[in-house]
Amino acid sequence: MMENKVLVKLILPELDTSFDVFIPVNEITWKVKKLLAKAVSDLCNVHTYQNLDFILLNKDNSKIYDNNTIIIDSDIRNGTELLLISKM
């Protein structure tokens, strides 16, 4: 069992796709958003995606995560569905 990571469903409405990803629980939200944007950019071949600013949003309760929150201190757990939306 991975105690230092959680498995979440990352939903990308702008690209009409989703991914199951492991995110580290000891990282700050802004770093996780940066890592997720880089991964999406690589996986979907959308190179401008990693240069955008994003909002990380919980699909179930519509909570927007603060950039300075550590993942383990949030309500993000295994199975959480997160939306990654560009601010534009």
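The following exercises, with worked solutions, concern the strands, the helix and the nonpolar core of this structure.

The model is predicted, so that local features need pLDDT of at least 70 and side-chain atom pairs count only at pLDDT 80 or more, while totals for chains, interfaces and linings use all residues. Residues are numbered from 1 along each chain as its sequence is written, and side-chain values use heavy atoms, with hydrogens and water left out.

**Exercise 1. Establish the order of the strands in the open sheet and identify its edge strands.**

Step 1. Helices (H or I, at least four residues) and strands (E, at least two) are DSSP runs, numbered from the N terminus. Two strands pair if DSSP finds at least two bridges between them.

Step 2. The open sheet has four strands in the order S2-S1-S4-S3, and its pairing is mixed.

Step 3. Strands S2 (17–24) and S3 (54–58) each pair on one side only and are therefore the edge strands.

Step 4. From one strand to the next, the twist averages 35°; axes are lines fitted to C-alpha atoms, for helices over the stretch in contact, and angles run from 0 to 180 degrees between N-to-C directions.

**Exercise 2. Determine how strand S4 pairs with S3 and with S1.**

Step 1. S4 (residues 81–86) and S3 are antiparallel, with five bridges. Within S4, Leu 82 stands opposite Asn 58, and Leu 83 is the bridge partner of Leu 57.

Step 2. S1 and S4 run parallel and are joined by three bridges. Here Leu 83 of S4 is the bridge partner of Ile 11.

**Exercise 3. Locate helix H1 relative to the sheet.**

Step 1. H1 (residues 29–44) packs on the sheet and touches S1 (5–12), S2, S3 and S4. Contact means heavy atoms within 4.5 Å.

Step 2. The direction of H1 makes about 135° with that of S2.

**Exercise 4. Describe the largest nonpolar core and the contacts of Leu 84.**

Step 1. A nonpolar core is a set of buried (under 20% relative accessible area, 1.4 Å probe, protein chains only) Ala, Val, Leu, Ile, Met, Phe, Trp, Tyr and Cys residues joined through side-chain atoms within 4.5 Å.

Step 2. The largest such core has 19 residues; among those touching the most other members are Val 8, Leu 36 and Leu 84. S1, S2, H1, S3 and S4 each supply at least two residues of this core.

Step 3. Beyond its neighbours within four places in sequence, Leu 84 is in contact with residues including Leu 10, Leu 36, Tyr 49 and Phe 54.

Terms used. Buried means under 20% relative accessible area, exposed over 50%, partly exposed in between (1.4 Å probe, protein chains only).
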